[in-house]
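This report deals with charged side chains and how they pair. The sequence and the model come first.

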Amino acid sequence: MSIQEKDKSIICHKCNETITKRVITALGKTWHPEHFLCRHCDKQIEDATFNIQDGEPVCSDCFVERYTSTCAACKKPILERTICAMGENWHECCFVCDGACKKPLSNRPFYERDGKAYCKQDYEDMFAVRCAKCEKPITDSAIVAMNAKWHRDCFRCNRCENPITSQTFTIDGDKPVCPACTC
């Protein structure tokens, strides 16, 4: 064999021997098929698809065991995009509102309560304090009066219907009355 012929030979990345028959080309290297092995378990990789870790081939079993996390919802390995939330990992399709809507939360703000995630609407419907007048959720600041909480706009005089903004008011039949109407 001449020097030119030797330079054209295909060399196995694993054993540095010439490959004369079947060749595997992967990761910019060439291999004898029996030398294309998982970097962890040394089993031959025969699948058309394989995983790569630090530039080396990894079989599917070792990849799942060593490099994937488990979804907090379905307990299966996560092989695609991972959602990290509330100290856990989730499949994108498994990270959903735990309330009535069950909508995906991966690209939305969410609220956490007792280790569960909720969209804004379901969280408010289930857990927000209710206004003593309109009974809708109070999501911002509230007026605390008469052993209850009120929206600022709902805490109104029972007589003139103006908002009560002063610190003092009277109670008439379990209803607030502003200082102007008590005179």
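In this predicted model, D122 is a buried residue without a salt bridge. The nearest side chain of opposite charge belongs to K102, at a distance of 7.3 Å. Because a salt bridge requires a side-chain nitrogen of Lys or Arg within 4 Å of a carboxyl oxygen of Asp or Glu, the 7.3 Å between D122 and K102 does not qualify. D122 lies in helix 3, which covers residues 120-127. Leaving aside residues up to four places away in sequence, D122 is in contact with C97, G99, A100 and C101.

K102, the nearest opposite charge to D122, has a salt bridge with another residue, D98, with 3.9 Å from N to O. Both partners are partly exposed: K102 has a relative accessible area of 45%, and D98 has 33%. Which residues are joined with D98 into one network by salt bridges that share partners? The network consists of D98, K102 and K116.

Over the whole structure, the search returns 9 salt bridges. Three of them are listed here with their N to O distances.

| Acidic residue | Basic residue | Distance |
|---|---|---|
| E56 | K29 | 3.8 Å |
| D54 | R39 | 3.1 Å |
| D98 | K102 | 3.9 Å |

The salt bridge between E56 and K29 has an N to O distance of 3.8 Å. This pair connects distant parts of the chain, with E56 in strand 6 (residues 56-58) and K29 in strand 4 (residues 29-31), 27 residues apart. E56 is partly exposed at 27% relative accessibility, and K29 is also partly exposed, at 23%.

D54 and R39 form another salt bridge, where the closest N and O atoms are 3.1 Å apart. Here too the pair links distant parts of the chain, and the two residues are 15 residues apart. Both sit in loops: D54 between strand 5 (51-53) and strand 6, and R39 between strand 4 and strand 5. Is D54 buried or exposed? D54 counts as exposed, with 67% relative accessibility, whereas its partner R39 counts as partly exposed, with 35%.

In general, side chains of opposite charge can pair when their charged atoms come close. D54 has such a partner in R39, and E56 has one in K29. D122, by contrast, is buried and has no salt bridge.

Methods: Residues are numbered from 1 along each chain as its sequence is written. This is a predicted model: local features need pLDDT of at least 70, side-chain atom pairs count only at pLDDT 80 or more; totals for chains, interfaces and linings use all residues. Side-chain values use heavy atoms; hydrogens and water are left out. Helices (H or I, at least four residues) and strands (E, at least two) are DSSP runs, numbered from the N terminus. Buried means under 20% relative accessible area, exposed over 50%, partly exposed in between (1.4 Å probe, protein chains only). Lys and Arg count as positive and Asp and Glu as negative; His and the chain ends are not counted. Contact means heavy atoms within 4.5 Å.
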